[in-house]
Amino acid sequence: MATSLLIKDVRIFDGENEIPCGSVLVEDGVIKQVSRDQLGVSDTSTIVLSKPGHTLIPGIVDGHAHPDIDEENTALKQALKFGITTLCDMHQEAENIGTLRALARDPDAADLKTSSASATIRGGWPAAVITALDKSEETRAKIATWPDLKTQADVDAFIQARIKDKADYIKLMHEDGNGLIVKPPLPPLELQKALIDAAHQHGLLTVAHALSLQGTIDILRAGVDGLTHTFFDKPPTKEVIDAYLANNAHCNPTLAAIGSLTTEGQKEQERYAHDPRVQKLLGAGGTQHLCACMALANGDASVEYAYQSVRELKAAGIDIILGSDSAGPALGTAFGASAHHELATLVKKCGFTPKEALRAGTSLISKRLRFSDRGRIAEGLRADLVLVDGNPLEDIDNTLNLRGVWKRGILCSTYRDLLA
């Protein structure tokens with residue numbers, strides 16, 4: 001049960017602006033008051049924390065992940081330990097959604113948003129890459145249950161199924177294999193447009209996977225609301241920027257994961273994997289997994305194209321949001337840790353200020369994905385909060401100096417001793 005909580009004498013980044021020294025009062029899992037002044041409490045049961053030299057930020061939203069289910073609830077629990085209070089699932093077997101939502105109700109687990117099943121075709125993405133790496137009968141049987149969309153009737157049934165699942169957004173797959181060592185079949189653009197139109201008719205947000213320049217342009221022209229990756233096979237062009245602007249679409253670039261695809265990011269992955277602040281929160285085998293690479297890119301691809309695309313999209317006024325593409329099988333990623341890697345990459349490689357990067361992972365992503373109850377430290381919103389030592393608005397690396405994480409006002413048990 002959430003208790004009343006007052007955090008005072010801290011720097012506050014509320015998702016948009018900085019309060020150099022202020023206070024936040026939490027009651028019943030909701031932010032009751034935010035003040036630039038000292039706040040007092042009359043209820044003696046209220047927990048009061050005075051943390052000079054610390055910064056309070058909104059809970060981080062990781063806009064691209066693939067949580068799996070295990071007995072330890074590793075994905076959602078590890079994410080919360082790293083301050084990721086909301087994890088956005090971007091492809092999942094529909095039959096798993098109920099279990100994952102139940103696991104997300106654990107106070108020690110991140111909240112879950114999900115697409116449920118993606119709009120797939122037989123042999124297309126991501127089946128092509130999964131079966132290239134895993135040829136087990138169990139995996140093939142699971143993939144055989146995925147949607148195989150061909151007709152308008154298939155589209156209508158798919159959208160209705162996602163409505164029944166209470167999906168938070170609709171995920172499309174538009175992978176042509178340019179830049180990759182696999183070449184999956186590509187859904188026809190007529191099918192993609194039918195999916196987008198049907199989703200929009202029901203008020204649903206649409207996002208799409210595409211890793212190539214041309215694939216990105218094509219799916220944007222079909223009307224999609226956002227991309228779940230940037231491209232890495234070619235440098236950006238005016239044509240792709242114009243396509244983004246025409247839709248007012250957002251980009252969730254997943255730069256750290258792209259670095260693993262090309263192997264160019266391995267040194268940074270190793271640096272994070274061996275950072276003591278990361279190591280103590282990773283599960284068994286996490287360090288080794290984070291040091292490895294997916295290595296699925298061909299010789300035409302480069303993570304530098306991805307960095308360049310984000311710099312130019314940002315300069316054109318296109319919203320860039322945070323996503324890690326963390327997944328159990330995805331070498332070079334780790335739930336929670338990779339979101340911090342992504343924040344730092346936006347700053348170090350793409351010209352973001354630390355404030356802009358933090359906004360991409362809090363208020364902006366919540367706005368773009370239509371999560372109206374989170375992403376800012378503001379009265380009436382969920383008390384999803386992260387306390388860090390130091391000032392991440394000056395040095396983004398300080399986001400890993402984690403000292404407290406609250407979901408709906410409940411402290412993650414990892415931090416009970418630190419705040420005792």
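S116 is a buried residue in this predicted model, with a relative accessible area of 0%. Its place is in the loop between β8 and α3. The backbone of S116 deserves attention as well: phi is near 60°, a positive value in a residue other than glycine.

The loop that holds S116 connects β8, residues 111-114, with α3, residues 127-133, and P126 is found there too. The peptide bond leading from W125 into P126 is cis, and its omega is near 5°.

Let me turn to a second residue with positive phi. K166 is not a glycine, yet its phi is about 60°. Where does K166 lie? The residue belongs to the loop between α5, which spans 152-165, and β9. Is K166 buried or exposed? K166 counts as exposed, because its relative accessibility is 62%.

The strand β9 brings me to the sheet. Four strands form an open sheet in the order β9-β10-β11-β12, and the pairing is parallel. Which strands stand at the edges? They are β9, at 170-173, and β12, at 250-251; each has a single partner strand, so one side of each is left without a neighbour in the sheet. As background, strands of a sheet pair through backbone hydrogen bonds. At the β12 edge, strand β11, residues 226-227, pairs with β12 in the parallel sense over two bridges. Within that pairing, L227 has C251 of β12 as its bridge partner.

Next, the cysteines. How many disulfides does a search of the whole structure find? The result is zero. C293 illustrates this: the closest cysteine sulfur to its own is in C291, 9.1 Å away, which is too far for a bond. C293 is also buried, with a relative accessible area of 13%. C21, by comparison, counts as partly exposed, at 45% relative accessibility.

I close with the aromatic rings. The count of aromatic pairs comes to zero, where a pair requires ring centres within 6.5 Å. Two lysines do lie over ring faces, however. K113 is placed over the face of F371, at 5.0 Å from the ring centre. K314 is placed over the face of F352, and here the distance from the ring centre is 5.2 Å.

To restate the two backbone cases: S116, with phi near 60°, is buried, whereas K166, with phi of about 60°, is exposed. Thank you for your attention.

Note on methods:
Residues numbered from 1 in each chain as written. Predicted model: local features only at pLDDT ≥ 70, side-chain atom pairs only at ≥ 80, totals over all residues. Heavy atoms only, no water. Phe/Tyr/Trp six-rings, centres within 6.5 Å; stacked < 30°, edge-to-face > 60°. Lys NZ or Arg CZ within 6 Å of the ring centre and 35° of its normal. Pairing = 2+ DSSP bridges. Buried < 20%, exposed > 50% of the residue type's maximum accessible area, 1.4 Å probe, protein only. Disulfide = S-S within 2.5 Å.
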